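Open the model in your viewer and set the display to cartoon. The tour below moves from the whole chain to a few selections.

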Amino acid sequence: MHKSFVAFFIFFMFSFGLLSQNTTITGYAHGAEGLKIRLITPSDYISELSEIIDETTIDSLGSFNLKTSINETRLAQLQIDNYKGEIYLEPGSSYSIKILPLNFKEDVKESPFLNRKRLEIEFVDADTNELNQQISKFNELYNDFLLKNFNTLNNSRNKAKIDSLQHKLAILFSTNQNTFLNKYILYKIAELEQMSRVKSTKRLYADYILNQPVMFNHVEYMYFFHQLYEKFFFNGTHALKTEDIKQLIIEKDYNSLMDSLGKDSLVRNEVIRELVFLKGMKELYYTNAYNNEHIVDMLISFSRTTKFKEHKLIALNLVTSFNILKVGNKAPDFKLKTINDETYTLASFAGKYTYIGFFTTWCAACMAENEAIVELKKKYGEHINFVSISADKQILNLKYYLEKQKYGWIFLHYGNNYDLLEKFGIFTYPVFMLLDANGNIVSNPALKPSENIDNEFKVLLKKENTISE
């Protein structure tokens with residue numbers, strides 16, 4: 001009995017160790033000295049929320065070390081400023097990489113989100129059988145095939161072309177024993193078959209979903225899942241009508257909704273049906289035809305009853321993503337400095353409405369809006385904080401600008417924190433946000449000064465009897 005227990009304990013501990021193993025990245029990034037590098041991975045592929053699993057500052061020699069603990073192969077991203085590059089991580093593996101030089105400190109005069117640059121990652125002394133090398137080799141072949149055959153596949157349902165590609169891949173990757181890579185190739189072929197319509201939806205389901213493990217964190221499996229169940233709430237054969245869905249969501253009647261969905265043969269499997277439900281809730285939320293508060297309530301209720309931990313995570317992630325920058329919710333916090341090294345946080349502006357503008361000194365429209373703020377500040381400065389946040393890469397540009405303009409409100413620099421810009425949803429300039437006295441969002445995006453925000457200020461302040469006619 002004792003020996004059996006010990007044997008079980010050893011087996012359990014060994015299995016547990018396999019579930020979570022350290023993975024390390026050692027690298028060099030010339031030109032990025034002193035900047036932060038982050039290792040990011042999707043929390044899930046339905047909400048698409050990202051999570052930072054490690055970060056560090058690149059040292060004066062351009063070197064960095066990152067480490068994480070993972071229990072399965074994952075696609076991750078390395079991020080420096082606004083630049084990102086992909087890397088596949090396997091549990092227990094170590095990677096030596098070099099990030100090809102970029103002018104990270106160049107003050108490019110365009111929104112970095114409109115022309116996002118890639119981090120080009122070079123693997124040092126990598127074995128040709130290493131997963132990243134194999135996926136790169138496959139992608140090159142696959143993309144070349146698509147480039148040459150896209151029109152043929154899209155117009156004529158040419159199955160022979162796909163069969164030929166599969167035969168070639170079977171030879172080239174005949175010695176591969178990496179499960180992640182095998183599934184990667186399998187679901188890329190599935191995408192081709194779906195795109196070219198050489199198989200019906202039911203056949204695709206039977207070949208690639210039915211009796212297959214649900215791979216929540218496999219990027220290609222989840223991409224195929226999204227394509228197969230695109231707008232399923234609207235297009236499936238479940239006989240649910242728009243009004244039925246609305247009523248069930250209002251009543252938070254998850255069980256009846258799931259029973260109705262289950263009438264479609266493509267979602268008989270309980271795990272798949274719940275995933276389709278979660279994907280559907282996201283799609284319904286952004287149609288603006290449903291009461292979004294009811295959708296959030298339904299997801300919260302679902303998160304308490306589902307027996308699948310992955311589904312609970314997705315449901316709560318969806319609720320989080322819906323609440324980001326939502327009117328009535330707290331604005332993202334920040335800790336930013338002026339050109340004089342004074343520090344401000346969101347709490348620094350408590351007690352008054354706060355009108356925040358994101359701008360750059362190279363943006364002509366931004367300069368015009370700043371000029372318009374001058375009169376607003378004179379008129380409402382007693383009751384409203386005016387705050388401008390510069391997204392110039394070099395804080396000196398802000399310094400020179402303010403030396404010329406002599407504006408009378410608070411100007412902050414974003415501190416080269418692209419994460420902050422993403423949290424505030426800043427993808428172009430200028431953008432404004434209006435907060436209440438507690439830092440909650442009143443309007444996002446708020447009207448610009450040139451769009452007569454003056455009227456909104458009047459209405460808000462009259463409600464609080466802080467100004468008279």
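The stops that follow start with the whole protein and then go through selected helices.

**Whole protein**

Keep everything visible for now, and bear in mind that this is a predicted model. The protein has 469 residues, of which 46% count as buried. Its secondary structure comes to 16 helices and 15 strands. Taken along the principal axes, the box filled by the C-alpha atoms is roughly 75 × 65 × 60 Å. If you draw contacts between residues at least 6 apart in sequence, 67% of them join residues at least 24 apart.

**Stop 1: helix α5**

Select residues 201-208, which form helix α5. Which residues of α5 are buried? Show side chains for L204, Y205 and Y208, and you have them. Looking along the axis, you will find these buried residues on the same side of α5, because the arc they cover is only 100°.

Now add residues 179-196, helix α4, and residues 219-228, helix α6. Both α4 and α6 are included in what covers the buried residues of α5.

**Stop 2: α6 against α10**

Keep α6 and add helix α10, residues 270-285. The two helices pack at an angle of about 70°, and their axes are 11 Å apart. At that angle α6 is roughly perpendicular to α10.

To see where they touch, show these side chains:

- on α6: Y221, F225 and H226
- on α10: I272, L275, V276 and K279

Colour this contact by residue class and you should find five nonpolar residues, one polar and one charged.

**Stop 3: α11 against α12**

Hide the earlier selections, then select residues 292-305 for helix α11 and residues 309-323 for helix α12. How far apart are the axes of α11 and α12? They are 9 Å apart, and the helices pack at about 155°. Angles over 145 degrees count as roughly antiparallel, so this is how α11 runs relative to α12. The crossing of α11 past α12 is left-handed.

Show the side chains of the contact:

- on α11: I295, V296, L299, I300, F302 and S303
- on α12: H311, K312, A315, L316, L318, V319 and F322

By class, the contact of α11 with α12 holds 10 nonpolar residues, two polar and one charged.

**Looking back**

Return to the full view and find the two helix pairs again. α6 lies roughly perpendicular to α10, while α11 is roughly antiparallel to α12. Helix α6 also appears at the first stop, where it helps cover the buried residues of α5.

Notes:
Residues numbered from 1 in each chain as written. Predicted model: local features only at pLDDT ≥ 70, side-chain atom pairs only at ≥ 80, totals over all residues. Heavy atoms only, no water. Axes fitted to C-alpha atoms, helices over the stretch in contact; angles between N-to-C directions. Helix = DSSP H or I, 4+ residues; strand = E, 2+ residues; numbered from the N terminus. Parallel < 35°, antiparallel > 145°, perpendicular 65-115°, else oblique. Left-handed = near helix turned anticlockwise from the far one by under 90°. Contact = heavy atoms within 4.5 Å. Nonpolar A, V, L, I, M, F, W, Y, C, P; charged D, E, K, R; others polar. Buried < 20%, exposed > 50% of the residue type's maximum accessible area, 1.4 Å probe, protein only. Arc of directions from axis to C-beta.
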